[in-house]
Amino acid sequence: MHHRLHRSLLGATLGLALPFTVASAEPPIFDAHLHYRPAVAEIFGISDVGRTLASNDVRSAIVMSTEGGLIRRLQAGSDTRIVPFLEVSHRLGKKMDWMHVEDLGARIADMLDESDVAWRGLGEFHILADDRFGPGFEQLLDLAVARDLTIMIHGDPAVIDHAYATHPEVRILWAHAGSYAYPPLVQDYLERHPRMNMDLSMRNPRINPGGQIDDDWFELFLTHPDRFMIGVDTFTTTRWEQYTHLKDETRAWLDQLPDNVARAIAFENGERLFPAQ
Ligand SMILES: [Zn+2]
C-alpha cells in the first residue's frame with residue numbers, strides 16, 4: 001500500500017509541475033535497439049519489417065545492420081524513420097574479439113567512406129571489462145568522437161568508465177542498461193557520465209516483475225526521465241516475429257509511469273538525441 005500511495009503522490013507532483021500534461025493515448029515509439037541482418041532479411045523481408053513497425057506505431061528506430069543496402073531498402077520500404085548504425089563486429093565476424101583488430105579504426109573509416117548511407121552510429125559492440133585496453137577500442141572511441149557518431153556498447157561497467165576517462169566527449173548508448181542493470185548502479189553511471197544514455201531492451205522482466213513495476217526502477221525513471229529509451233532488440237528472426245508481444249511487455253510498465261515520463265522514454269528522448277537530419 002505504501003508504495004502505491006508514494007507513486008500516486010509522485011505522479012501528482014509531476015502533474016502539478018507540468019500543468020499542460022494531459023491524459024492521452026499511448027505515446028508513439030522510438031525503438032533504440034533493432035538489428036536487421038541479411039540472413040534475417042531473407043526470412044523476414046522489408047515489407048514484413050515495414051508492416052510490423054507501422055502496426056506498432058514505431059515512428060523512428062535505430063537499426064543496426066552490416067549492410068548499407070539493407071538500410072536503403074528499409075528506408076524506401078517503411079514509413080518509420082530509420083536511424084542507421086553500422087554493425088562492424090558482425091561484418092568482421094568478430095563478435096567478442098574485435099577490439100584486438102590492429103587496424104580497426106582505419107577499417108571502419110573505410111566502411112563509412114565507401115557507404116552512401118548517412119550512418120549515425122556504430123554498433124552494437126560486445127566487450128568485457130578485461131578487453132577495454134584493446135587497441136581497437138581506443139581507435140573506435142577516437143573515430144566516434146572525430147565523426148560525431150554514437151557507439152552502442154553491450155558491456156561491463158569498467159568499459160564505460162574507461163571510455164569516459166580517455167574520451168569525455170564520446171556519446172555512448174549503453175545497451176540493456178548495462179551488464180548489471182541494478183537501479184543504484186545505473187543511477188551512479190548516469191550521473192557520472194552525462195553523455196551516456198541507456199536503452200532498456202531485454203529488461204522487461206527486471207523492470208516489471210509479475211506485471212507490477214519495480215519501485216526502484218520507477219523512482220529512477222522519475223529521477224532521470226530524459227536518459228532512457230526502449231527497444232525490442234531484434235537479434236533473431238523470432239524476435240522480429242514476436243515484435244508486437246515484446247513491445248506490449250514494454251508498454252505494460254510504461255503505462256504505470258506518469259504520462260510525461262512514459263512519453264519521454266517511449267519516444268521523445270530518441271527524437272531529441274537523434275533528430276531528423
Ligand atoms: Zn542487440
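## The zinc site

Along the chain, the residues that hold the zinc ion are spaced as H-x1-H-x88-E-x108-D. Since His35 sits in strand E1 while Asp233 sits in the loop between strand E8 (228-229) and helix H12 (237-241), this pair ties together parts that are 198 residues apart in sequence. Keep in mind that this is a predicted model.

So which atoms coordinate the zinc ion? They come from His33 (NE2), His35 (NE2), Glu124 (OE) and Asp233 (OD), at 2.0 to 2.6 Å. The 4 donor atoms make angles of 83 to 169°, and the site of the zinc ion counts as irregular.

Two of these residues are tucked away from the surface: His35 is buried, with 3% relative accessible area, and Asp233 is buried too, at 4%.

## Asp31 and its surroundings

Now for Asp31, which also has its place in strand E1, a stretch covering residues 29-35. What does the side chain of Asp31 reach at 2.9 Å? That would be the backbone nitrogen of His33, and His33 is itself one of the residues coordinating the zinc ion.

The Asp31 side chain also makes a polar contact with the side chain of Tyr243, at 2.6 Å. Leaving aside residues up to four places away in sequence, Asp31 touches several others, including Val58, Ser60, Ile230 and Val232.

## A buried charge without a salt bridge

Asp31 is buried, yet it has no salt bridge. How far away is the nearest side chain of opposite charge? It belongs to Arg239 and lies 8.5 Å from Asp31, whereas a salt bridge calls for a distance within 4 Å.

Methods: Residues numbered from 1 in each chain as written. Predicted model: local features only at pLDDT ≥ 70, side-chain atom pairs only at ≥ 80, totals over all residues. Heavy atoms only, no water. Helix = DSSP H or I, 4+ residues; strand = E, 2+ residues; numbered from the N terminus. Buried < 20%, exposed > 50% of the residue type's maximum accessible area, 1.4 Å probe, protein only. Lys, Arg positive; Asp, Glu negative; His and termini not counted. Polar contact = N/O pair within 3.5 Å; in protein donor to acceptor, adjacent residues only side chain to side chain. Contact = heavy atoms within 4.5 Å. Donors = N, O, S within 2.8 Å, 3.2 Å for Na, K, Ca; no water. Tetrahedral: all angles 85-135°; square planar, octahedral: opposite > 155°, others 65-115°.
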